[in-house]
Structures are given as C-alpha cells and as structure tokens.
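I opened my notebook to walk through one structure, entry by entry. Come along and keep the picture beside you.

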Amino acid sequence: MSVIGWIILGLIAGFIGSKIVNKSGSGMIMDIALGVVGAIVGGLIFNFFGASGVTGLNIWSLLVSVIGAVVVLWLYHAVSGRRA
C-alpha cells in the first residue's frame, strides 16, 4: 500500500478510534499518527491470531486498523493519564 493510502487509512482509523475511546479527536496529526500505528498494531494482532491483517484500502483493513487504533489510544491514555 502506498504512503498516501496509509495516511488515509490512518486518518480514518485514528478518527474513529478517537471517537470510540475518548469521544473527541486528538487533533488531525495525532489522529493520523495513532491511526497508522494502530493499523500496524492491529495487523500484528490479527496476524498473531491467524487472520489476515491490513490488506489494502478496504473495509477489512479499516476494521483491523480501528481495532488497533483503539488499543493504541487506550494505552496512550493509560500512560499519559498516569503522568498527569
């Protein structure tokens, strides 16, 4: 998948993940970054359990990415909440 595809998928997954975890976005750049990291984490999680991970710019990859973004955002808020 191209860099543009990863950015688009990351933006969508990060936005949806932010809405699920904390009901508000974390800003466009943070949503993209956490979404792309979430896509990678989601792909690793799904590959670990024997399912296919991110396969391109499609609904399955979006679902995998959103699940990964929710995991990453939950961890991010758990770690950053303890520092405050």
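**Entry 1: aromatic pairs**

I began with a rule: rings of Phe, Tyr and Trp (its six-membered ring) pair if their centres lie within 6.5 Å, and planes over 60 degrees apart count as edge-to-face. I should add right away that this is a predicted model.

How many aromatic pairs does the structure hold? I found two. One joins Phe46 and Trp60, edge-to-face, with 5.5 Å centre to centre and 85 degrees between the planes. Phe46 belongs to helix H2 and Trp60 to helix H3 (residues 59-83), so this pair ties together parts that lie 14 residues apart in sequence. I then looked up how open each partner is. Phe46 is buried at 15% relative accessible area, while Trp60 is partly exposed at 34%.

Phe48 and Phe49 also form an aromatic pair. I noted 5.2 Å centre to centre and 80 degrees between the planes, which is again edge-to-face. Are Phe48 and Phe49 buried or exposed? Both are exposed.

**Entry 2: the overall plan**

Next I stepped back to the whole protein. I counted three helices and zero strands, and reading along the sequence gives the pattern α-α-α. Of the 84 residues, 32% are buried. I also looked at contacts between residues at least 6 apart in sequence, and 60% of them join residues at least 24 apart.

**Entry 3: helix H1 and helix H2, one by one**

I checked the length of H1 first. Its 20 residues should span 28 Å at 1.5 Å a residue, and the end C-alpha atoms are 27 Å apart, which agrees. Which residues of H1 are buried? My list reads Gly5, Leu9, Gly10, Ala13, Gly14, Gly17 and Ser18.

Then I did the same for H2. It has 21 residues and reaches 30 Å from its first C-alpha to its last, close to the 30 Å expected. The buried residues in H2 include Asp31, Ile32, Leu34 and Gly35. Gly38, Ala39, Gly42, Gly43 and Phe46 in H2 are buried too. Just after H2, I noticed that Gly50 takes a positive phi of about 95 degrees.

**Entry 4: how H1 meets H2**

Two packed helices are described by the angle between their axes and the distance between the axes. For H1 (residues 3-22) and H2 (residues 28-48), the axes come within 6 Å and cross at roughly 100 degrees. Angles of 65 to 115 degrees count as roughly perpendicular, and H1 and H2 are therefore roughly perpendicular to each other.

Which residues meet here? From H1 I wrote down Trp6, Ile7, Gly10, Leu11, Ala13, Gly14, Phe15 and Ser18. From H2 they are Met28, Asp31, Ile32, Gly35, Val36, Ala39 and Ile40. By class, this contact has 10 nonpolar, four polar and one charged residues.

**Entry 5: Val21 and Trp74**

I picked Val21, which is found in helix H1. Val21 is partly exposed, with a relative accessible area of 27%. What does Val21 touch, leaving out residues up to four places away in sequence? I found Val70, Leu73, Trp74 and His77. The C-alpha atoms of Val21 and Leu73 are separated by 6.9 Å, though the two residues are 52 apart along the chain.

Trp74 was on that list, and I followed it up. Trp74 sits in helix H3 and is exposed, with a relative accessible area of 55%. From Trp74 to Asn22 I read 8.9 Å between C-alpha atoms, with their positions 52 residues apart along the chain.

**Entry 6: Ser61 and Leu44**

Is Ser61 buried or exposed? Ser61, in helix H3, is buried, with a relative accessible area of 0%. Leaving out residues up to four places away in sequence, Ser61 touches Leu9, Gly53, Val54, Thr55 and Gly56. Leu9 also appeared in my list of buried residues in H1.

My last lookup was Leu44, placed in helix H2. Leu44 is exposed, with a relative accessible area of 55%. Leu44 and Val64 are 20 residues apart in sequence, and their C-alpha atoms are 9.6 Å apart in space.

Technical notes: Residues are numbered from 1 along each chain as its sequence is written. This is a predicted model: local features need pLDDT of at least 70, side-chain atom pairs count only at pLDDT 80 or more; totals for chains, interfaces and linings use all residues. Side-chain values use heavy atoms; hydrogens and water are left out. Axes are lines fitted to C-alpha atoms, for helices over the stretch in contact, and angles run from 0 to 180 degrees between N-to-C directions. Helices (H or I, at least four residues) and strands (E, at least two) are DSSP runs, numbered from the N terminus. Angles under 35 degrees count as roughly parallel, over 145 as roughly antiparallel, 65 to 115 as roughly perpendicular and the rest as oblique. Contact means heavy atoms within 4.5 Å. Ala, Val, Leu, Ile, Met, Phe, Trp, Tyr, Cys and Pro count as nonpolar, Asp, Glu, Lys and Arg as charged, and the others, Gly among them, as polar. Buried means under 20% relative accessible area, exposed over 50%, partly exposed in between (1.4 Å probe, protein chains only). The expected span of a helix is 1.5 Å times one less than its number of residues. Rings of Phe, Tyr and Trp (its six-membered ring) pair if their centres lie within 6.5 Å; planes under 30 degrees apart count as stacked, over 60 as edge-to-face and the rest as tilted.
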